[in-house]
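Biologist: Could you walk me through this fold over a coffee? I would love to take it piece by piece.

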Amino acid sequence: MHLKHGGLIAFMGQFQITKTFQPDGDQPKAIKALVEGLNYGYGNQTLLGVTGSGKTFTVANVIEKIGKPTLYIAHNKTLAAQLCNELREFFPGNSVHYFVSYYDYYQPEAYMPITDTYIGKEAMINDEIDKLRHAATTALLTRNDVIVVASVSCIYGLGAPEVYAENIFHFKAGDKVDRSKFVRKLVELQFKRTSADLKRGTFRLRGDNWEIMPPDREVIYNLELEKGKIKTIYEIDPVKGFQKEKTPTLSEIYIAPARHFITPLPERERAIKAIEAELAERLKYFEREGKLLEAERLERRTRGDLAMIREIGYCNGIENYSRHLSGRRAGEPPETLLDYFPKDFLTVIDESHVTVPQLHGMYEGDASRKKTLIEFGFRLPSAADNRPLMFPEFESKVGQVIYTSATPGPYERRKSNQIVEQIIRPTGLVDPEIVIRPARGQVDDLIPRIKERVDVKERVLVTTLTKRMAEDLSSYLEEQGIKVTYLHSDVKTLDRIRILTNLRRGNFDVLVGVNLLREGLDLPEVSLVAILDADKEGFLRSETSLIQTIGRASRNVSGQVLIYADNITGSVKRAVDETERRRKIQIEYNLRHGITPKTIVKKITDIVPVEEILNLEMKPLPRSKAEIKKIIAGKEKEMREAASRLDFELAAVLRDEIKALSKKAGKQF
C-alpha cells in the first residue's frame, strides 16, 4: 500500500530546455567551459557574469547538458521566486520547485536572563509555501528531472528523508485496500479526518468513496472502491468539483505524509524513552546545582510535550526533539533538504557574494540563542541539535558547486578550480560610463544632471549613506521641482513594489535610496546612477557594493554613473578599474561584430493591481450573504493562482482582503 525506500524514482526524465531562446554573447563560451569543468570533476567553479548577461540562462543550459538534479540557492525569498519562475519558463516539461521558509512571521523562542524575559515562539505559517515545500521533497523522491530553487532555509532541519520516503503512499487502480489499516496509517502520517470541506492534509470517507487532499497539491484524489479494491481514481479540482465524464482519472497516485516530521509508532516509543532518560539526567544536574526553578520548568514543559507525542505523534516545537526522533547521536548534523537529493547532484549558489556569508553565519546565531534556553531549563540539551548545518557540514553534502555573481567574494575565488567570465551581454549593452566628481557641493552638481535626464524621459537613481539623508535629499529635490521619492528598509514591501512600478511609468523621475543594490532592481528606464559620498569606506561603499550599484545603469544604452568623492579610495579605484576593463572588452566585441547596443525594452506591469489594494472599508458590501460568499470564493481562486505563480505579495493582499470580507460579513449578518 505504500512506497518502499529504494524503489522511489517513478519518473525517469531528461532535462529539456525550451528552444525559444538561444545562447548568445559570452553565453556559449561560458556554457562550454562550465560543462567541461563539471566533466573534469571540478568541485567548485565560479560564473563571473556582469549584470544583464543572462547568468540564469547559462546555468539552465549547463543543467540540461549535465542532466543532474539541481539545488539552486538564492539569498532571499523574492529572488528565489524570480529564479524559480525563470527556470519554469526554460524547463516547461521538467519539475522545477520552490523551497523557502514557510513562515510569514517568525519570532524564535528566546530567553533574556538580565531582565528575566522569556519570549515564546510565535509563527504564522504560509499554507501555500508549505504546499510547495512538500511538492519539492515529493518530487525529489519520485523523479530525477528536478530543480529546487531554495533560500538558505535549505540548511535547516527537516524530517528524515528515509522515513518520509518509506511512508509515501502509492495507490494503483486494482489495488486491494483494507479500510481500517488505511485510516490508521493516514492518522499516523498526520492526516486529519474531516466531514467538512477538504483542505491539504485531510481525508474523508463516505462508504466506498474515499477522498484525500495531498499536502503538495490543491487537488482531491477520489478513490472509488468495489469489493475492497480500488476501481477508479479520480483527480478532482476542488473548485469545480466532480464533473461526470469530464473529471480526469488516473492509473496511479503518490501521496506524501502530511508533515515532514513524522515518527512511526515503534520509533516513537524508542524516542520517548530516550527523551525521558535525558530529562532524568538533566533534572539530576539541576538539583545538584540547586537550580530548582530550572528543574521544575524543564520537567513541566517536557512532560507536557511527551504526553502530546504519545497521544497524536506531534507537539508544538517537536523539532526540538528531532535528534531523538531520528535516532541521531549528539552533535551529528540534522537531516535537511540536501539529504532528499540523490548522491550525485549539482548545486548552484546565486549571488554568491551575499549567499555564502549567509550560509556561514546561520549556525552561530542559532547556537547562541539555544545555549541560553538550555542553561535556564527551557529546553533539553538535545535541542541544540535542532539547528542549521555548520558551513563545513554544508560543504561536505553539496558535491559539485557553481557560484554565480558579478562580484565573487574571496571564498569563491579561493575555492574555485576555474572562474568563467561572462562579460558580453546578448543585447550588446556595455557597462555604464563612469564620471568622478568632487563630493563637496555634490547635490548642487547633481541637480542639473538630473534635469537633463528628465528632459529626455529617463530615470535616475541616487544612493545615500543614511535613511535620514535619503529623506532630506528627497525633500530638497522636491523643492527644486523634481518629481522624487525615497526607498529604504522602513518602506513596506507592497509600498516598495508600487514605488518601483511608478518610477518605471514616469509618475516620478528620481528614486533616492540607501542600499538600492539590494532591491534586485531591473529598471531599463534608469540611465543615471549617482553615488553620493563614495569615498566613505564601509559596507555600502565597498568594491562589491560599488560594482553592484554601477550595474543598475547597465540596462540602458545611455547609462552613466556619477561617483562623488573627494578622495579616491581603494574600493573606488578597484570598482572603476574593473568597470573600465569590462567596458573595453564589450566595446571591442561590439565593433568586431557590428553590434549596435539597444536599451532593454521591458513591459511595465502592476505587480499588485492598484484596485485590489483599495481599502475594503471604502467598498459597499452586497446585501446578500450568497453574493459575499461568491466574492470570497473568487478571491480565494485568485489567491491560489497568484501563489502558484510565486507572486506572494499579491497572494498576501488577497488573503488579507478575504479575512476582512469574512469579518465584515460576520458583523453584517
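Biologist: What percentage of the residues of the chain count as buried?

Modeller: Happy to start there, and keep in mind that this is a predicted model. The chain has 669 residues, and a residue is called buried when its relative accessible area is under 20%. The share of residues in the chain that meet this is 52%.

Biologist: Among contacts between residues at least 6 apart in sequence, how many join residues at least 24 apart?

Modeller: The chain holds 20 helices and 25 strands. Taking its contacts between residues at least 6 apart in sequence, the portion that links residues at least 24 apart is 75%.

Biologist: Which are the edge strands of the open sheet with parallel pairing?

Modeller: That sheet has six strands, in the order β20-β25-β24-β21-β23-β22. Neighbouring strands in it are turned by 20° against each other on average, direction ignored. An edge strand pairs on one side only, and here those are β20 (433-437) and β22 (484-487).

Biologist: In β25, what is the bridge partner of L528?

Modeller: Strand β24 covers residues 526-531 and β25 covers residues 560-564. The two pair in the parallel sense over four bridges. Within β25, L528 has as its bridge partner Q560.

Biologist: Which helix packs on this sheet and touches β20, β21, β23, β24 and β25?

Modeller: Two helices are worth a look here. Helix α17 (residues 570-593) lies across β20 and β25, at about 150° to β20. The helix touching the five strands you list spans residues 442-455 and has a direction at about 170° to that of β25; it is α13.

Biologist: Are α2 and α3 roughly parallel or oblique to each other?

Modeller: Helix α2 (residues 55-66) and helix α3 (residues 77-90) have axes that come within 11 Å and cross at roughly 50°. The crossing is right-handed, and the contact is made by T56, F57 and A60 of α2 with L83, E86, L87 and F90 of α3. By class, that contact has five nonpolar, one polar and one charged residues. Angles under 35 degrees would count as roughly parallel and those of 65 to 115 as roughly perpendicular, so this pair is oblique.

Biologist: Last one: in the open sheet with mixed pairing, which residue of β12 stands opposite R206?

Modeller: This sheet has the order β10-β11-β12-β13-β14-β15. Strands β11 (residues 202-206) and β12 (residues 209-213) run antiparallel and are joined by five bridges. Helix α6 (residues 179-188) packs on the sheet, touching β10, β11 and β12. Opposite R206, in β12, stands N209.

Technical notes. Residues numbered from 1 in each chain as written. Predicted model: local features only at pLDDT ≥ 70, side-chain atom pairs only at ≥ 80, totals over all residues. Heavy atoms only, no water. Pairing = 2+ DSSP bridges. Axes fitted to C-alpha atoms, helices over the stretch in contact; angles between N-to-C directions. Contact = heavy atoms within 4.5 Å. Parallel < 35°, antiparallel > 145°, perpendicular 65-115°, else oblique. Left-handed = near helix turned anticlockwise from the far one by under 90°. Nonpolar A, V, L, I, M, F, W, Y, C, P; charged D, E, K, R; others polar. Buried < 20%, exposed > 50% of the residue type's maximum accessible area, 1.4 Å probe, protein only.
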